[in-house]
Amino acid sequence: MYSSDEDYFKLLAEKPSVIKNEGYLSISFIPPLLPHREEELRLLAKQYKHLTNNYLNFSRYATITGPTGSGKTTLAKRFGQILENVVKIKNFHFIYINCRIYKSPYLIFNVLLQKLNKNIPQRGYSVEELQHFFVKHLQQNKYKLLIVLDEIDYLVTRTGTDILYSLLRIGEISQDQYVSYIFIAKNTNFLKLLDTSTQSSFHSNHISLDRYSESDLIDIVRSRAELAFYKETVTDDAIRLIADIASKTGDARYAIELLWGAGHCCDNDNSPVVYPDHVRKAKSLIHPELRKEVVLVLSIHEKLTLLSILRKLKHTKNAYISTSDAISTYRLLCEEYGEHPRKHTQFWSYLNELSKQDIINCKLSGKGMKGKTTLISVPDAPLAFIEDVILKSLTKSKGEVSQKKEVG
Ligand SMILES: Nc1ncnc2c1ncn2[C@@H]1O[C@H](COP(=O)(O)OP(=O)(O)O)[C@@H](O)[C@H]1O
Ligand SMILES: [Mg+2]
């Protein structure tokens, strides 16, 4: 027994762990070496050599495509880190924007201006006005930017191609060239929506990443284990099993999550070394189908909508629920969380959003049901797991709100 909670916390902190530095296993960590992406990094260096060679009046845009976990985001961010170290141009900035978070042209221009320390009032401007401010700000300060727009396909599906034209037009309306771009997407389908001449200017600068093979994943996991774990605490068999499991999808992110999970299972077992069995245990606890960060960036009402679907599915034990079932649970949840329930049409737009992000599936009821109704299901990870992610984030945002209220 521990004499106090403090003692328990101290003992926990002192308990030996195989993990030396957990930060190296976080999804936001950008490793200094990217096994099997060295060539692509060099290709980017060649494509953007105007930045390192001081050709100032030059703009370039490229696309990086590939399946989930193929290293798109990491590659672009690592390239940005290197550029920040080597580019000597005055006022050079590398700006990374995830379009799933900044999900409208307005928000994109807003965040671009903010990142360049230009604060503008939150309301009252149109996208065109913001674009105009942005160009003026570029001209006044003679900035040179490399802007990465990650998950641009998500934004284009959601709001159309205007954002691409607005960004590319900047080079035409300002006489000098200030901005180069990297667009990241799962595939090139979003380009097909552009006119053919704009499309063709993308073709030569396209980097397509393949999913990682099992042997690629072995190298990636091994190099991460060397960074994050104490020497010789991860067995080769454990590394091979992680690579084997993750090679079904070629997703490096899943492989790193398994490594992290296996480390924790090993600590829980008080084992000095990570064995394949720890990997097996980790596998049963991790669900790569659900991207936590996708759920975390949903608005509070989108989260409540999703939660209402999960609750109802759990309660009825059916594979599908109807929209009216979801709405009634949503209203109850709003009450529970002190939120004002939104109107029917708004609720539909939340469903639409969740469906676009592939978090839920919506289909029209077929024969055998009275009238036509929309049926909702959740295809991937176990319900309890998704619910847990939402509940944690809701408690957090609730805490933030009450803290703000107390401060205010
Ligand atoms: N070549 C690599 N070397 C080391 N780690 C990698 C590599 N590729 C991907 N990762 C890791 O895998 C995870 C997923 O990569 P990410 O760039 O987010 O993939 P994507 O953007 O294609 O979905 C990240 O945590 C990243 O650190
Ligand atoms: Mg990514």
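**A walk through the predicted model**

Let's start with strand S1, residues 61–65, which is mostly covered: 4 of its 5 residues are buried. Keep in mind as you look around that this is a predicted model.

What does S1 pair with? One partner is strand S4, residues 179–185, which runs parallel to S1 and is joined to it by 5 bridges. To find the spot on screen, pick out Ala 62 and look across to Ile 182, its bridge partner in S4. S1 also pairs with strand S5, residues 206–208, again in the parallel sense, this time over 3 bridges. Here you can look for Thr 65, which stands opposite Ser 208 of S5.

Now zoom out to the whole chain. The domain assignment splits the chain into domain 1 (38–208), domain 2 (212–285) and domain 3 (292–394). If you take the centres over C-alpha atoms, domain 1 and domain 3 sit 34 Å apart.

So where is ligand 1? It lies between domain 1 (38–208) and domain 2 (212–285), because both of them give residues to the shell around it. That shell has 18 residues, and the ones that come nearest are Gly 71, Thr 73, Thr 74, Ala 252 and Arg 253. Two elements give two or more residues to the shell: helix H4 (72–86) and helix H12 (252–268). As for chemical character, the shell residues divide into 7 nonpolar, 8 polar and 3 charged.

Helix H4 is worth a longer look. With 15 residues at 1.5 Å a residue, H4 should span 21 Å, and its end C-alpha atoms are indeed 21 Å apart, so the two values agree. Which residues of H4 are buried? They are Lys 72, Thr 73, Leu 75, Ala 76 and Phe 79. Look down the axis of H4 and you'll see these buried residues fall within an arc of 165°, which means they line one face of the helix. On the other side of H4, you'll find Gln 81, Glu 84 and Asn 85 exposed.

One last stop: Asp 244, which you'll find in helix H11, residues 236–246. Is Asp 244 buried, exposed or partly exposed? A residue needs 20 or more neighbours within 10 Å to be buried, and 12 or fewer to be exposed. Asp 244 has 15 C-beta neighbours inside 10 Å, so it counts as partly exposed. You can also trace from Asp 244 to Val 221: the two are 23 residues apart along the chain, and their C-alpha atoms are separated by 11 Å.

Note on methods
Residues are numbered from 1 along each chain as its sequence is written. Chains are lettered from A and ligands numbered from 1 in the order in which they are written. This is a predicted model: local features need pLDDT of at least 70, side-chain atom pairs count only at pLDDT 80 or more; totals for chains, interfaces and linings use all residues. Domain bounds come from an automatic or database domain assignment. Two strands pair if DSSP finds at least two bridges between them. A residue is near a molecule or strand if its C-beta atom, placed from the backbone, lies within 6 Å of it. Ala, Val, Leu, Ile, Met, Phe, Trp, Tyr, Cys and Pro count as nonpolar, Asp, Glu, Lys and Arg as charged, and the others, Gly among them, as polar. The expected span of a helix is 1.5 Å times one less than its number of residues. The arc is that of the directions from the helix axis to the C-beta atoms.
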